[in-house]
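Welcome to this short tour of a protein chain. Take a moment to turn the model around before reading on.

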Amino acid sequence: MLLEPFEFGFFVRAIIAACLVGGLCGLMGVYIVLRGMSYIGHGLSHAIFGGAVVSWIMSINFFVGATLWGFLSALLIAWTTRKNPIGSDAAIGIITTASFALGIAIISRSQSFTRDFEASLWGSVLGVDNEELIAIAVVAAIVAIVFFVAYKLFLFATFDPDVAQFYGVPTAWVDTLFSLLLAGTIVVSMQVLGVTMIAAAVVIPPIVARLLTDSFRKMALLSTGIGVICAVAGIYISYFVDVSSGASVVLISATLFVAVLAWSKIRSRWPGSTQSAASLSQLPRESGGAID
């Protein structure tokens, strides 16, 4: 009975998609959390939803249109923050909610988009087809290759962007590339997790990993692994209990977070134990020591 779902091709595709998306979100989430940009994952997912609707209206390929829309939204947020005396959280809130509202307004005028609209909002991983699976695999491969090749650039730009720029690191280009990778990640994750759940899938795995280690490399590996495990477990459970795949993945992740947080609190009270002195807010500012 436990292996019954694997007899169906759509479930096998769903598990593969969940592995790729979970690992992808976990890896991207490390840089997002350490940069203090947790809100941007939530915001861009809403902005890209608006782009997906516009792409549908204009008969443009979903992946191309939504990715470009998300990329432009990220650049607009960065430009607004640099050119005006407002915080990044305010810029994210204004731009992304306006884009999301545009998508809702268009949908309210058309009934034929209803099913796709619901899948994009709540996630429907069991409906992933071969084209979407290929798109997820391509984005995952690109992200993995980019971070492997430009690992030191992203690391330097994440922990100390001012010093990185002084030493000649093209931080503007690094940030632009990161925005494009994040937009692509969110686009391919929409069908699996849904717009409303992507932010949690991006943020929770790296935070859990941070509670377990002070090492940047280990944090990246742990976050990727945790993302994969939570995604696969969530999809598997959602098949039997008949709930939204995105909600199931996030609930599994949240449960794991609570368990690890409780364990870390208990561990800190053990005689002779040493609690990490670095907090999530301090980690990006450190150089050397426990960070490798």
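Which helix supplies the largest share of the lining of the largest cavity? Helix 11 does, with 3 residues. Keep in mind that this is a predicted model, and let us start with the chain as a whole before coming back to that cavity.

**The chain as a whole**

- The chain has 12 helices and 0 strands, so its elements, read from the N terminus on, run α-α-α-α-α-α-α-α-α-α-α-α.
- Of its 292 residues, 47% count as buried.
- Take the contacts in the chain with a separation of 6 or more: 76% of them are between residues 24 or more positions apart.
- The accessible surface of the chain is about 14400 Å², and carbon and sulfur atoms make up 68% of that surface.

**Helix 11**

- With 26 residues at 1.5 Å a residue, helix 11 should span 38 Å; its end C-alpha atoms are 36 Å apart, which agrees.
- Many names appear on the list of buried residues in helix 11, among them Phe 216, Met 219, Ala 220, Ser 223, Gly 227, Cys 230 and Ala 231.
- An α-helix has 3.6 residues a turn, so residues three or four places apart point the same way. This is a handy idea to keep in mind while you look at that list.
- What lies over the buried residues of helix 11? The cover includes helix 1, helix 7 (151-159), helix 10 (198-212) and helix 12.
- Ser 223 sits in helix 11 and counts as buried because its relative accessibility is 0%, under the 20% cut-off.
- Apart from neighbours within four places in sequence, Ser 223 is in contact with Gly 26, Leu 27, Val 30, Pro 205, Pro 206 and Ala 209.
- Just after helix 11 comes Asp 242, which has a positive phi, near 55°.

**Helix 12**

- Helix 12 covers residues 245-268, which is 24 residues. From its first C-alpha to its last it reaches 35 Å, close to the 34 Å expected at 1.5 Å a residue.
- The buried residues of helix 12 are Ser 245, Gly 246, Ser 248, Val 249, Val 250, Ser 253, Val 260 and Ser 264.
- Is Val 250, a residue of helix 12, buried or exposed? Val 250 counts as buried because its relative accessibility is 14%, and the cut-off is under 20%.
- Not counting residues up to four places away in sequence, Val 250 touches Met 197, Ala 200 and Ile 204.
- Val 250 and Cys 230 are 20 residues apart along the chain, and their C-alpha atoms are separated by 7.8 Å.

**The cavity**

- Rolling a probe the size of a water molecule over the atoms shows where empty space is left.
- The count comes to 1 cavity of 30 Å³ or more, and the largest cavity has a volume of about 50 Å³.
- Val 21, Gly 22, Leu 193, Ala 201, Pro 205, Gly 227, Cys 230, Ala 231, Val 249 and Ser 253 line the largest cavity.
- Helix 1, helix 10, helix 11 and helix 12 each give at least two residues to this lining.
- Gly 227, Cys 230 and Ala 231 belong to the lining and are also among the buried residues of helix 11.
- Val 249 and Ser 253 are part of the lining too, and both are buried in helix 12.

**Aromatic pairs**

- There are 11 aromatic pairs in the count.
- One of them joins Phe 11 and Tyr 239: the ring centres are 5.3 Å apart and the planes stand at 70°, so the pair is edge-to-face.
- Phe 11 lies in helix 1 (residues 9-34) and Tyr 239 in helix 11 (residues 216-241), so this pair ties together parts that are 228 residues apart in sequence.
- Phe 11 is buried, with a relative accessible area of 0%, whereas Tyr 239 counts as partly exposed at 22% relative accessibility.
- Tyr 31 and Phe 147 form a stacked pair, 4.7 Å centre to centre with 10° between the planes.
- This stacked pair links distant parts of the chain, with Tyr 31 in helix 1 and Phe 147 in helix 6 (residues 130-149), 116 residues apart.
- Both Tyr 31 and Phe 147 are buried.
- Tyr 31 and Phe 147 also belong to one aromatic cluster with Tyr 151, Phe 154, Phe 178 and Phe 216.

Conventions: Residues are numbered from 1 along each chain as its sequence is written. This is a predicted model: local features need pLDDT of at least 70, side-chain atom pairs count only at pLDDT 80 or more; totals for chains, interfaces and linings use all residues. Side-chain values use heavy atoms; hydrogens and water are left out. Helices (H or I, at least four residues) and strands (E, at least two) are DSSP runs, numbered from the N terminus. The expected span of a helix is 1.5 Å times one less than its number of residues. Buried means under 20% relative accessible area, exposed over 50%, partly exposed in between (1.4 Å probe, protein chains only). Contact means heavy atoms within 4.5 Å. Accessible areas come from the Shrake-Rupley method with a 1.4 Å probe; for residues, only the protein chains shown count as cover. Rings of Phe, Tyr and Trp (its six-membered ring) pair if their centres lie within 6.5 Å; planes under 30 degrees apart count as stacked, over 60 as edge-to-face and the rest as tilted. On a 1 Å grid over the protein atoms alone, a cavity is a set of points where a 1.4 Å probe fits but cannot get out, and a pocket is an open set with protein on both sides within 12 Å along at least five of seven lines; lining residues have an atom within 4 Å of a point. Grid points are joined across faces, edges and corners, and a volume is the space filled by probe spheres set on the points.
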